[in-house]
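Reader: I should like a close look at one part of this structure, the open sheet, together with whatever else can be said about its surroundings. Please set the account out in one connected answer.

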Amino acid sequence: MNTLIKPQTRAPFAKKHLLQILDLNRLEALELIERAEGFLPYTSMKEKKLDFLAGRTLINLFFENSTRTQSSFELAGKRLGADVVNMAVKSSSVAKGETLLDTAATLNAMGPDLLVIRHKSSGAAQLLARKVSCSVINAGDGTHEHPSQAFLDSLTLKRTFGRIEGLKIAICGDILHSRVARSNIMLLNMLGAEVRLIAPPTLMPTDADKWGVKIYDNLLHGIEGVDVIMALRLQLERMSGSFLPSPREYFRYYGIDREKIRVAAPHVRVMHPGPMNRGIEIDSEIADDPRISLIVDQVQSGVAMRMAILEAMASFEGGEYA
Ligand code: CP
């Protein structure tokens, strides 16, 4: 057990749930990132185990597939000393038609302290939070939000640039279906970055002009001079009808490659939340170049960020959402 940081040195966090970015204020968002910075050194130490959540129970409830988010919440919980249960949704009674609320009531009766949920329906995490007594963390709900991804992206930016305020950040691709884009837009705006959105008109939400961002349908115009390009996955599984002529055509105009990023700042860094469609939204030459790509750093930040989120939500002692 690593005993360098003591749980009692942390003040309780002001919020019980992490459902969407705008439930937090700027100071609370900065505090979460600062807490994650405190956990970062542990992710590369030999002895990674802490006892902040010893005796607490975390349930991971993933109704949609996940590699990064589920495994990093699991690792984060275990490294904090919690008992972690990954609900096997495919072999649970959900497969027999049990509703989300009945599943929630059943799990709630077992007394977990933290519930992490991913669901295909926007608003599922909010619904769950109203029905259970523990903290709920949204690990992605439909096309609504994926707040822990936005936080780990901001942590990655802070580690890379030493700041978030003033960075010019272009979010490119399938904005329409992207919960990652929504959470990042809210958080990056809150933290003082300049956010640009780039997408073909069919993949840009019609109300994006109300989000306090600059909007482009031309990739080269949108990434001119930017510090960071966040490429988004084309979410073909959420597309009904024809949003694009073809993936090849999409790559030609919107795929991030070495030639196109010449118009960005010379120090430009490229991010992608994963999973990637190589050769569609990003060229492998960029994704695998450690001088440009921050994709591995994002995954590393993910564990520390999720440790901070779990520890903060579990430390809540009352007040708002009580
Ligand atoms: N970025 C992200 O949410 O990845 P997973 O779907 O693998 O969790």
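Author: The account below takes up the sheet, then the cysteines, and then the largest pocket. The model is a predicted one.

The sheet is open and consists of five strands, arranged in the order β7-β6-β5-β8-β9 with parallel pairing. Its edges are formed by β7 (214-216) and β9 (269-271); each has a single partner strand, so one side of each has no neighbour in the sheet. From one strand to the next, the twist averages 20 degrees. Within this arrangement, β5 (residues 168-172) and β6 (residues 194-198) are joined in the parallel sense over five bridges. In this region Ala170 is found opposite Arg196 of β6.

The cysteines may be considered next. Cys172 has a relative accessibility of 4% and counts as buried, because the limit for that class is under 20%. Cys134 is likewise counted as buried, at 4% relative accessibility. As to disulfides, the structure holds zero. A disulfide is a covalent bond linking the sulfur atoms of two cysteines.

There remains the largest pocket, whose volume is about 440 Å³. Its lining comprises 20 residues, and those nearest the pocket centre are Asn65, Arg118, Arg179, Arg233 and Pro275. Two helices, α2 (68-79) and α6 (179-190), each contribute at least two residues to this lining. By character, the lining residues of the largest pocket divide into nine polar, seven charged and four nonpolar.

Note on methods
Residues numbered from 1 in each chain as written. Predicted model: local features only at pLDDT ≥ 70, side-chain atom pairs only at ≥ 80, totals over all residues. Heavy atoms only, no water. Disulfide = S-S within 2.5 Å. Buried < 20%, exposed > 50% of the residue type's maximum accessible area, 1.4 Å probe, protein only. Pairing = 2+ DSSP bridges. Helix = DSSP H or I, 4+ residues; strand = E, 2+ residues; numbered from the N terminus. Axes fitted to C-alpha atoms, helices over the stretch in contact; angles between N-to-C directions. 1 Å grid on protein atoms, 1.4 Å probe; cavity = no way out; pocket = protein on both sides within 12 Å on 5 of 7 lines; lining within 4 Å. Points joined across faces, edges and corners; volume = space filled by probe spheres on them. Nonpolar A, V, L, I, M, F, W, Y, C, P; charged D, E, K, R; others polar.
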